[in-house]
Amino acid sequence: LGILAQPGQVVEVRILNIDGRRNRVDSGYFDDFAALARAIPAYNGRAEGVYITLNPVNPDLLARAANRIKPWSNLTTADGDIPRRRWLPIDIDPARPSGISSSKAEHAAAQTRAQGIREWLSDLNWPEPIYADSGNGAHLLYPIDLPNDSASALLVQRCLQALAVKHSDAAVKIDGGNYNAARIWKLYFTLTAKG
């Protein structure tokens with residue numbers, strides 16, 4: 001959390017499909033990362049995934065569920081609730097049907113592809129990203145500082161689409177759809193339970 005979010009930043013934590021209930025979403029807003037870290041273990045292994053908003057959230061949303069997780073939440077962060085973009089998120093996954101976890105070989109292929117993308121972007125003078133294991137594939141997070149407006153959304157969308165065209169194939173896919181400002185992202189060191 002200390003790497004993904006700045007001190008005092010408000011983040012939403014969103015937990016999906018708890019205890020096999022496909023429509024259950026629990027959510028909360030945190031500016032106290034120690035409180036967030038204490039709240040997560042109750043869900044780890046019970047949910048499809050534990051996610052957070054990558055970009056800073058409007059601090060007013062803290063009033064929805066301040067430093068706690070609210071069961072069965074019906075209000076979550078929308079794109080308009082994000083004041084600025086802090087990350088360009090690149091999601092690299094093996095090509096496989098929905099609801100199926102990657103095999104060890106597929107997982108390794110996604111990791112190898114992520115390393116190749118990182119090296120390719122480094123050769124283009126991009127900064128060093130955060131490199132992480134997503135559970136089924138790999139993530140690259142590049143720091144950015146952009147307003148949350150239509151021009152920034154289009155720029156991020158086109159970057160991801162260009163990466164998808166250049167680096168996707170029948171075995172590994174780069175997700176070109178992660179351009180929305182309120183994108184939720186796997187909270188690292190929590191169990192991935194998709195599939």
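Two strands count as paired if DSSP finds at least two bridges between them. That rule sets up the first stop in this predicted model. Six bridges join strand β1, residues 11-18, to strand β2. The two strands run antiparallel. Within the pair, R14 stands opposite S27 of β2. The hairpin of β1 and β2 has six residues between its strands. D19 takes a positive phi there, near 50°.

Stay with β2, which covers residues 25-30. Is this strand enclosed or open to the outside? Six of its six residues are buried, so the strand is largely enclosed by the rest of the structure. Buried here means under 20% relative accessible area. In a regular strand, side chains alternate between the two faces of the sheet. Both faces of β2 are covered. On one side, V25, S27 and Y29 are buried. On the other side, D26, G28 and F30 are buried too. S27, the residue opposite R14, thus belongs with V25 and Y29.

Now step back to the whole chain. The protein has three helices and eight strands. From the N terminus on, the order is β-β-α-β-β-α-β-β-α-β-β. The C-alpha trace spans about 45 × 35 × 25 Å along its principal axes. How does the radius of gyration fit a compact globule? With 195 residues, such a globule would have a value near 16 Å; the protein has 17 Å, which agrees. Buried residues make up 46% of the 195. Contacts also reach far along the sequence. Take those between residues at least 6 apart: 75% of them join residues at least 24 apart.

Helix α2 offers a close-up. This helix covers residues 104-123, and A110 is in it. A110 is buried, with a relative accessible area of 0%. Which residues does A110 touch, leaving aside neighbours within four places in sequence? A110 is in contact with I92, D93 and P94. G137, A138 and V172 are also in contact with A110. D19, from the hairpin of β1 and β2, is 91 residues away from A110 along the chain. The C-alpha atoms of A110 and D19 are separated by 28 Å.

Next come the spaces in the structure. The second largest pocket has a volume of about 240 Å³. Thirteen residues line this pocket, and the closest to its centre are L1, L4, L187, Y188 and F189. Two elements, α1 (33-39) and β5 (130-133), give two or more residues to the lining. What classes of residue make up this lining? The lining has 12 nonpolar residues, one polar residue and no charged ones.

The last stop is a cavity. A search of the whole structure finds one cavity of 30 Å³ or more. The largest cavity has a volume of about 40 Å³. Its lining includes L54, N55, R85, W87 and P89. V156, N178, Y179, N180 and R183 line the cavity as well. Which strand gives the largest share of this lining? Strand β4, residues 84-94, does, with three residues. By class, the cavity lining has five nonpolar, three polar and two charged residues. Strand β4 also leads back to helix α2: I92, D93 and P94 fall within residues 84-94, and A110 is in contact with these three.

Note on methods. Residues are numbered from 1 along each chain as its sequence is written. This is a predicted model: local features need pLDDT of at least 70, side-chain atom pairs count only at pLDDT 80 or more; totals for chains, interfaces and linings use all residues. Side-chain values use heavy atoms; hydrogens and water are left out. Buried means under 20% relative accessible area, exposed over 50%, partly exposed in between (1.4 Å probe, protein chains only). Helices (H or I, at least four residues) and strands (E, at least two) are DSSP runs, numbered from the N terminus. On a 1 Å grid over the protein atoms alone, a cavity is a set of points where a 1.4 Å probe fits but cannot get out, and a pocket is an open set with protein on both sides within 12 Å along at least five of seven lines; lining residues have an atom within 4 Å of a point. Grid points are joined across faces, edges and corners, and a volume is the space filled by probe spheres set on the points. Ala, Val, Leu, Ile, Met, Phe, Trp, Tyr, Cys and Pro count as nonpolar, Asp, Glu, Lys and Arg as charged, and the others, Gly among them, as polar. The radius of gyration is taken over C-alpha atoms; the globule rule is 2.2 Å times the number of residues to the power 0.38. Contact means heavy atoms within 4.5 Å.
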